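Colleague: I would like to go through this model with you slowly, asking at each step what lies behind the words we use. Could you put the sequence and the structure in front of us before we begin?

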Amino acid sequence: MARAMWKGAIAFGLVNIPVELYSATRDHRPKFRLLHAKDESPVHYERVCQSEGKPVGWEDLVKGYEYEKGQFVVLTKDDFKTAALEKTKTVDILDFVDPKEVDERYFETPYYLQPGKGADRAYALIREAIRDSGKIGVAKIILRDAQHLAALEVIGDALVLTMMRFADELADLGDFRFPKTGDIRAAELKMAKQLVESLSAKWEPEKYTDEYRDNLMRIIKGKLKGKTPRLKERETPQQAEVIDLMARLRASLEGTAGKGKAARTPAAKKRKTDARKRRVA
């Protein structure tokens, strides 16, 4: 089993539940290294001092905040511990809120919280209480020398802690230009809704695959065999003229209807063939 990346406790009122933090995601994309084109030897990065022009070892590095151009304040490990407000090993639940009220832009990376030794009963108790409430916990946690806002929610039998962004980390919508609804025609909106409905489906995450990663692996495996695989390209046409929105919506609807018809055609043909066989018999 994977090694816990953090061990601490969920602080829930006066209750303290030991937990261990594990990554809830996996990165399957191939990893690449930079090579010297001449002989394909790996290239190493060096940490070079700008003033001396010489490499610097890890043991000689410190962290600094640039408050003016070329002027720094150096921070030590003790400084980071002081900033952590001594809450270094707890997931402090601050509030329980309705998840429908939380903007999706706040959510970042999910982690699994596994109960620590002897904490199974307490873990299950808080899990079922949260599940029955229909709410998510809003918490704070110190992870990797930084404080994070986090959401504590129930997924299956697991408590999942998802790192969140603070409010001031979101770009203000007012800084961007978005169209108003005044120019929308009723007929266009009706057809757009029909298109959305025609593409509606049950959420099945397994059917959405990383085609880019798969293509990279085909190329890599082909090169290992001395071959160059042929991949089908998909080009998005560049539209120069003003788009006839109604025509595009209509064509899209016809396309989705055509797919459904094509999918039904073989079965229909089989039914007709079976019917003919029965009549002949």
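Colleague: Which residue is the bridge partner of Ile93 in β7?

Modeller: The bridge partner of Ile93 in β7 is Ala139, and I should say at once that this is a predicted model. Five bridges join β5 to strand β7, residues 136-143, and these two strands run antiparallel.

Colleague: What makes strand β1 and strand β5 a pair?

Modeller: Two strands count as paired if there are at least two bridges between them. Strand β1, residues 6-12, and strand β5, residues 90-97, have three bridges, in the parallel sense, so the requirement of at least two is met. Within this pairing, Ala9 stands opposite Thr90 in β5.

Colleague: In what order do the seven strands close into a barrel?

Modeller: The order is β1-β2-β6-β9-β8-β7-β5, and the pairing is mixed. From one strand to the next the twist averages 40 degrees. One of the joins is that of strand β6, residues 107-115, to strand β9, residues 158-164, where five bridges link strands that run antiparallel; there Tyr112 has Val160 in β9 as its bridge partner. Helix α2, residues 120-133, packs on the sheet and touches β1, β2, β5, β6, β8 and β9, with its direction at about 65 degrees to that of β9.

Colleague: Why is Thr162 called buried?

Modeller: Buried means under 20% relative accessible area. Thr162, whose place is in strand β9, has a relative accessible area of 7%, and therefore counts as buried. Leaving aside neighbours within four places in sequence, Thr162 is in contact with Phe107, Glu108, Thr109, Pro110, Leu149, Ala150, Ala151 and Glu153.

Colleague: Why, then, does Pro18 count as partly exposed?

Modeller: Partly exposed lies between the limits of 20% and 50%, and Pro18, at 35% relative accessibility, therefore belongs in that class. Pro18 has its place in strand β2 and, not counting residues up to four places away in sequence, touches Gly8, Ala9, Gln114, Pro115, Gly116 and Ala119. The C-alpha atoms of Pro18 and Val91 are separated by 9.9 Å, although these residues are 73 residues apart along the chain.

Colleague: How do you know that the span of helix α3 agrees with its number of residues?

Modeller: The expected span is 1.5 Å times one less than the number of residues. Helix α3, residues 186-198, has 13 residues and should therefore span 18 Å, and its end C-alpha atoms are indeed 18 Å apart.

Colleague: Why do we say that the buried residues of α3 line one face of the helix?

Modeller: The buried residues in α3 are Glu188, Met191 and Leu195. Seen down the axis of α3, the buried residues fall within an arc of 70 degrees, so they line one face. The face turned away from that buried side carries the exposed residues Ala186, Lys190, Lys193, Val196 and Glu197.

Colleague: Which residues of the largest nonpolar core touch the most other members?

Modeller: Of its 22 residues, these are Ile10, Leu113, Leu152, Leu159 and Leu161, and β1, β2, β5, β6, α2, β7, β8 and β9 each supply at least two residues of this core. Leu152, leaving aside neighbours within four places in sequence, has contacts that include Ile10, Ile93, Leu113, Leu159 and Leu161. A second, separate core of six residues includes Val102, Leu149, Ala151 and Met164.

Terms used: Residues numbered from 1 in each chain as written. Predicted model: local features only at pLDDT ≥ 70, side-chain atom pairs only at ≥ 80, totals over all residues. Heavy atoms only, no water. Helix = DSSP H or I, 4+ residues; strand = E, 2+ residues; numbered from the N terminus. Axes fitted to C-alpha atoms, helices over the stretch in contact; angles between N-to-C directions. Contact = heavy atoms within 4.5 Å. Buried < 20%, exposed > 50% of the residue type's maximum accessible area, 1.4 Å probe, protein only. Arc of directions from axis to C-beta. Core = buried A, V, L, I, M, F, W, Y, C linked by side-chain atoms within 4.5 Å.
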